[in-house]
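Please open the model in your viewer and keep the sequence panel beside it. The stops below are meant to be selected one after another.

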Amino acid sequence: MSAHSRIDIEIDSQAAGRTLADVVRRSMPEPCSWNQAREYCKRGKVSCNAVVQTDAALRVKLGDRVSVEPEAPRLRENVLPSSALVFADAHIVVVNKPAGLMSVPFDTGDKNTLVDRLRFLLRRTHGAQGGELGVVQRLDKDTTGLMVFARTLAAKRQLQQTFRVHAIERRYMALAHGSVAERRFETSLVANRGDGLRGSFGHFRRSRAPAPADAQRAVTDVRPLEPLRGATLVECQLSTGRQHQIRIHLSEAGHPLLGEQVYIRDYGQPLLAAPRIMLHAAILGFDHPMTRRPLRFEQGWPDDFAGVYAGLKTRG
């Protein structure tokens, strides 16, 4: 094997728990120092489960697939690729959000969010027409897929109304633990269901009292698409858009998403490995806020989602 060819490593029981830099250092065909291994990570030449990982201190898990490509192009930090731009006109822009990126700032000091990167990309591709972006929806940091932003105040107001009356098609693909049955979830979400977690009122602690005034109605239709080994590929259609809605509903039903780190308190079974929460916004449909022309977009799975899915199909 030459020093310039791609190196693929499947993490076994001896390597599990090591840092990414340590795995790289031990796997190179020629002597590799710690600094060199860290540089490979920093420059975007190392991936884990098909996702580029720049954190040299990341701990790998049993079954992870690590790849090192010494000749891969150097990673351009804080840049959204042009391929992420799905649709853009003078009024709206639709983007394919990558994993590991906040949609919008959560705190005042948050930078390098999706909206920041998208503004930069639009200025680069559309010049002075880049301008500001109006936020009308959000996706969790580790959720991938389709999002729409407004480019004018009029478009933002109309899109907000579209979301408010739920006149929008949103379908997500997810990998969930266990055998999931078709079901409609309709609950009232509260910030604290009784154990410190956001969740459905009355799920953790039964109550005869009505839901509090600040509870939010949440409706999710779940349809199983394919049984897998220890999991199910499901489609989730939202009638409302509440924070963590899909994650909460499936977890409370005993089927947390693969990669879930929060809503697993009630789950007593072994957790299947995944590099992040396996949730992808695959379909987004709505009427154009100004022309009223129907628009519908579909986005295929990202590589890490496809990799976990393939592993669940082939695992013996």
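In which loop is Arg292 found? Select Arg292 and you will see that it is found in the loop between β14 and β15, where helices (H or I, at least four residues) and strands (E, at least two) are DSSP runs numbered from the N terminus. Before going further, note that this is a predicted model, in which local features need pLDDT of at least 70 and side-chain atom pairs count only at pLDDT 80 or more, while totals for chains, interfaces and linings use all residues. Residues are numbered from 1 along each chain as its sequence is written, and side-chain values use heavy atoms, with hydrogens and water left out.

**The whole chain**

Zoom out to the full chain, whose secondary structure comes to six helices and 15 strands. The C-alpha atoms fill a box of roughly 65 × 55 × 35 Å along the principal axes. The radius of gyration is 21 Å, which agrees with the value near 20 Å that a compact globule of 316 residues would have; the radius is taken over C-alpha atoms, and the globule rule is 2.2 Å times the number of residues to the power 0.38. Buried residues make up 45% of the 316 residues, where buried means under 20% relative accessible area, exposed over 50% and partly exposed in between, with a 1.4 Å probe and protein chains only. If contacts (heavy atoms within 4.5 Å) with a separation of 6 or more are considered, residues 24 or more positions apart account for 64% of them.

**Strand β14 and its partners**

Return to Arg292 and colour β14 (279-287), which is mostly covered, since eight of its nine residues are buried. For the strand partners, keep in mind that two strands pair if DSSP finds at least two bridges between them.

- β8 pairs with β14 in the parallel sense over two bridges, and the bridge partner of Gly145 in β14 is Ala281.
- β9 runs antiparallel to β14, joined to it by six bridges, and here Arg171 has Ile283 in β14 as its bridge partner.
- β15 also runs antiparallel to β14, with five bridges joining the two, and Gly285 stands opposite Arg296 in β15.

β14 and β15 form a hairpin with six residues between them, and Arg292 in the turn has a positive phi of about 70°. Arg292 counts as partly exposed, at 39% relative accessibility. Another residue to select for its backbone is His166, in the loop between α4 (153-164) and β9, which has a positive phi near 60° although it is a residue other than glycine. His166 counts as partly exposed, at 34% relative accessibility.

**Aromatic rings**

Now show the side chains of Phe, Tyr and Trp. Rings (for Trp, the six-membered ring) pair if their centres lie within 6.5 Å, and planes under 30 degrees apart count as stacked, over 60 as edge-to-face and the rest as tilted. A search of the whole structure finds four such pairs. One of them, Phe87 with Phe297, is tilted, at 5.5 Å centre to centre and 50° between the planes. Because Phe87 lies in strand β5 (residues 85-88) and Phe297 in strand β15 (residues 294-298), the pair ties together parts that are 210 residues apart in sequence. Phe297 is buried, at 10% relative accessibility, and Phe87, Phe286 and Phe297 form one aromatic cluster. Select Trp301 and Tyr309 next, an edge-to-face pair at 4.8 Å centre to centre and 65° between the planes. Of these two residues, Trp301 counts as partly exposed at 31%, whereas Tyr309 counts as buried at 15%.

**The nonpolar cores**

A nonpolar core is a set of buried Ala, Val, Leu, Ile, Met, Phe, Trp, Tyr and Cys residues joined through side-chain atoms within 4.5 Å. In the largest core, of 30 residues, select Val95, Leu118, Phe149, Tyr172 and Leu250, which touch the most other members. Elements that each supply at least two residues include β6 (92-97), α3 (114-126) and β14, and the largest share, five residues, comes from α3. A second, separate core of 18 residues includes Ala15, Leu20, Val23 and Val46.

**Last stop: Asn49**

Finish at Asn49, in the loop between β2 (46-48) and β3 (51-52). Asn49 is buried, with a relative accessible area of 15%, and its side chain is joined to that of Asp64 by a polar contact of 3.1 Å. A polar contact is a pair of N or O atoms within 3.5 Å; within protein, one must be able to donate a hydrogen and the other to accept it, and residues adjacent in sequence count only if both atoms are side-chain atoms. Leaving aside neighbours within four places in sequence, Asn49 is in contact with Gly63, Asp64, Arg65, Pro275 and Asp304.
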